[in-house]
Amino acid sequence: MTWSWEYDPSEEYLTEGAPEAFIAEVETKADELVRAAHALYLDGATYQGAGEPMKTAIVPSGFFLYTVVPRSECVYILRLHAL
């Protein structure tokens with residue numbers, strides 16, 4: 001399995017009406033979060049601990065909420081807030 005990120009429940013639902021520049025910032029930050037999670041959970045698929053709580057990531061034109069699920073090797077973007 002390879003680490004990735006995705007919108008939850010869907011890209012269409014979360015990005016509707018958001019400025020394209022903001023979405024680009026979110027996706028760049030999501031890529032950074034995936035690299036960090038991969039370094040922290042070297043073998044995420046076999047991770048046995050509790051999952052991480054929901055966190056906030058700040059980008060220049062807003063913020064978003066996300067969670068890391070090690071066993072799925074995925075960062076889930078849960079909510080977007082453009083300013």
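**Exercise 1. The sheet**

In which sense do strand 1 and strand 4 pair, and over how many bridges? Establish from this the order of the strands in the sheet.

*Solution.* The structure is a predicted model.

Step 1. Strand 1, residues 4–7, pairs with strand 4, residues 74–82, in the parallel sense, and the pairing runs over four bridges. Two partnerships illustrate the register: Ser-4 has Cys-74 of strand 4 as its bridge partner, and Glu-6 stands opposite Tyr-76 in strand 4.

Step 2. Strand 4 also pairs with strand 3, residues 62–69, here in the antiparallel sense and over eight bridges. Within this pairing, the bridge partner of Thr-67 is Tyr-76. Strand 3 and strand 4 form a hairpin with four residues between them. In the turn, Glu-73 has a positive phi of about 50°.

Step 3. The four strands form an open sheet in the order 1-4-3-2, with mixed pairing. Strand 1 and strand 2 (55–59) are the edge strands, since each pairs on one side only. From one strand to the next, the twist averages 35°.

Step 4. Helix 2, residues 20–40, packs on this sheet and touches strand 1, strand 2, strand 3 and strand 4. The direction of helix 2 makes about 150° with that of strand 4.

**Exercise 2. The nonpolar core**

Identify which residues of the largest nonpolar core touch the most other members, and state which element supplies the largest share.

*Solution.*

Step 1. The largest nonpolar core has 19 residues, of which Phe-64, Tyr-66, Ile-77 and Leu-80 touch the most other members.

Step 2. At least two residues of this core come from each of helix 2, strand 2, strand 3 and strand 4. Helix 2 supplies the largest share, with seven residues.

Step 3. Ile-77 may be examined in detail. Beyond its neighbours within four places in sequence, Ile-77 is in contact with residues including Trp-5, Tyr-7, Leu-14, Val-26, Ala-30, Phe-64 and Tyr-66. The contacts of Ile-77 also include Glu-6 and Asp-8.

**Exercise 3. Thr-67 and Glu-52**

Is Thr-67 buried or exposed? Describe how Thr-67 and Glu-52 are placed relative to one another.

*Solution.*

Step 1. Thr-67 lies in strand 3. Its relative accessible area is 15%, and because the cut-off for burial is under 20%, Thr-67 is classed as buried.

Step 2. Glu-52 is found in the loop between helix 2 and strand 2. At 17% relative accessibility, Glu-52 likewise counts as buried.

Step 3. A polar atom of the Thr-67 side chain lies 3.2 Å from the backbone oxygen of Glu-52. The side chain of Glu-52, in turn, makes a polar contact of 3.0 Å with the side chain of Lys-55.

Step 4. The wider surroundings can now be added. With neighbours within four places in sequence set aside, Thr-67 is in contact with Glu-52, Pro-53, Met-54, Cys-74, Val-75, Tyr-76 and Leu-78. Under the corresponding exclusion, Glu-52 touches Leu-40, Tyr-41, Thr-67 and Val-68.

Step 5. One of these partners, Leu-40, is found in helix 2. Leu-40 is exposed, with a relative accessible area of 56%. The C-alpha atoms of Leu-40 and Pro-70 are 9.3 Å apart, although these residues are 30 apart in sequence.

**Exercise 4. Aromatic pairs**

How many aromatic pairs does a search of the whole structure find? Classify the pair of Trp-5 and Tyr-7 and the pair of Tyr-41 and Tyr-47.

*Solution.*

Step 1. The search finds four aromatic pairs. A pair of aromatic rings is described by the distance of the centres and the angle of the planes.

Step 2. For Trp-5 and Tyr-7, the ring centres are 5.2 Å apart and the planes stand at 85°, so the pair is edge-to-face. Trp-5 counts as partly exposed at 22% relative accessibility, whereas Tyr-7 counts as buried at 8%.

Step 3. For Tyr-41 and Tyr-47, the separation is 4.9 Å centre to centre with 75° between the planes, and this pair is edge-to-face. Tyr-41 is buried, with a relative accessible area of 10%, and Tyr-47 is partly exposed, with a value of 24%.

Step 4. Trp-3 joins Tyr-41 and Tyr-47 in one aromatic cluster.

Definitions and conventions. Residues numbered from 1 in each chain as written. Predicted model: local features only at pLDDT ≥ 70, side-chain atom pairs only at ≥ 80, totals over all residues. Heavy atoms only, no water. Pairing = 2+ DSSP bridges. Axes fitted to C-alpha atoms, helices over the stretch in contact; angles between N-to-C directions. Contact = heavy atoms within 4.5 Å. Buried < 20%, exposed > 50% of the residue type's maximum accessible area, 1.4 Å probe, protein only. Polar contact = N/O pair within 3.5 Å; in protein donor to acceptor, adjacent residues only side chain to side chain. Core = buried A, V, L, I, M, F, W, Y, C linked by side-chain atoms within 4.5 Å. Phe/Tyr/Trp six-rings, centres within 6.5 Å; stacked < 30°, edge-to-face > 60°.
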